[in-house]
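Good morning, and thank you for making time for this item. Please look at the sequence and the structure on the screen before I begin.

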Amino acid sequence: MKVAIIGAGIVGSTAAYYLSKEEDVQVTVFDHGLGQATKAAAGIISPWFSRRRNKAWYKMARLGADFYPQLVADLQKDGFDTSFYKQVGILLHKKTPEHFQDLYDLAHSRIEESPLIGELKILSEEDVKAAFPDLETKGQMLYASGAARLDGAALTETLLQAAACPVICKEVTVTQVGNCYDIDSQHFDRVILATGAWLGKILEPLGYEVDVRPQKGQLLDYQFEDYQTENLPVFMPEGELDVIPFVNGKVSVGASHENDKGFDLTVDQSVLDRLESEARVFFPKVDEALAKTDRIGIRAYTSDFSPFYGHVPDLEGVYVASGLGSSGLTTGPLIARELVSMLQNQTFWLDAEAYKASNYIWNTLKADKYS
């Protein structure tokens, strides 16, 4: 079976990795190389404090976090470095102290189904200082030891290297030819569309509309000298700002959520200045950085901010995933693993009916939308 994967972000690269393990499957990845959300992402894997009422979304996010140890173990077994992921714990800061108890109770109620949360406790100001000496905060913080930090770009690079399949860097179109699909003058039996916010562009010529729109995200990376960052916890105050320490003196700050910028990939210095100003309040050490760089990516989100995956309606052999939004690093690998199972007529951890693509994609040649 020849499978084309369009999009080499977190979904596409994970799908390529697991499909490459299957016998009699030949995988080719296409990616135009612009605006990919994963390459511009520094993530926190910690869904257990979410107050979203969408139970299907939370289940996906919870199981997405649970899937990471398996993904990491699979890559390690294949001989690859997995330092892109590490459970370093999370510090959550709230302006209103009584909210700590509410969040603690919420997370504690979820420990039984999600033991990955690890140790959960409310830290004193002294404990916070011991855990992350350069944070400038007052009062208590909520801590969960099982939270992880993730470098999206390093993850996708590792997955593609492990997949050892052709990766063609160009923009492509999909043409149906009988029971197959023509992409870049090659014929494929199955196609996975992991194009994020660009899904509409690739499906429109095939007669489809999609409920997917772009969200611009910008973040800053700071590089420090002689600063031991590898084991520092991630810091999440209220709002957009996150402070995420990585290895070798690197700390990421961000990211923005800009819903009105379309596919604009130009740097907006005012946004970066705002992020830095907010970070400086809690992490004044940003002023000591030797170097500062920025990253920009485009997330995909839907009208109800829910991700979806599955078959494209009336397009046999074409599968899709999109709408992951800012939780893409948490949910992406699990969604990809579900798609790989679908291609094999199997199931994995999720009920696909709860996330079906036909809720967000419809054939314009038909009078009624799918439900």
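Let me begin with a term: a residue is called buried when its relative accessible area is under 20%. The model shown here is predicted. By that cut-off, helix α8 is mostly covered, with 16 of its 16 residues buried.

What span should the 16 residues of helix α8 have at 1.5 Å a residue? The expected value for residues 328-343 is 22 Å, and the end C-alpha atoms lie 21 Å apart, which agrees. Just after α8, Asn345 adopts a positive phi of about 55°.

I turn now to the sheet. It is open and mixed in its pairing, and its 6 strands follow the order β9-β2-β1-β13-β21-β20. At its edges are β9 (167-168) and β20 (308-311), each of which pairs on one side only.

Consider the β9 side. Strand β2, residues 26-30, is mostly covered, since 4 of its 5 residues are buried. Its pairing with β9 is parallel and has 2 bridges; there, Phe30 has Ile168 of β9 as its bridge partner. Strand β1, residues 2-6, is also parallel to β2, with 5 bridges between them, and Ile5 stands opposite Val29 in β2. Together with helix α1, residues 10-19, strands β1 and β2 make a right-handed β-α-β unit.

Which way does β20 run relative to strand β21? The two are antiparallel, and 4 bridges join β20 to β21, residues 318-322. Within this part, Gly310 is placed opposite Val320 in β21.

Thank you; I welcome your comments.

Definitions and conventions: Residues numbered from 1 in each chain as written. Predicted model: local features only at pLDDT ≥ 70, side-chain atom pairs only at ≥ 80, totals over all residues. Heavy atoms only, no water. Pairing = 2+ DSSP bridges. Expected span 1.5 Å × (residues − 1). Buried < 20%, exposed > 50% of the residue type's maximum accessible area, 1.4 Å probe, protein only. Right-handed = clockwise from strand over helix to strand, strands pointing away.
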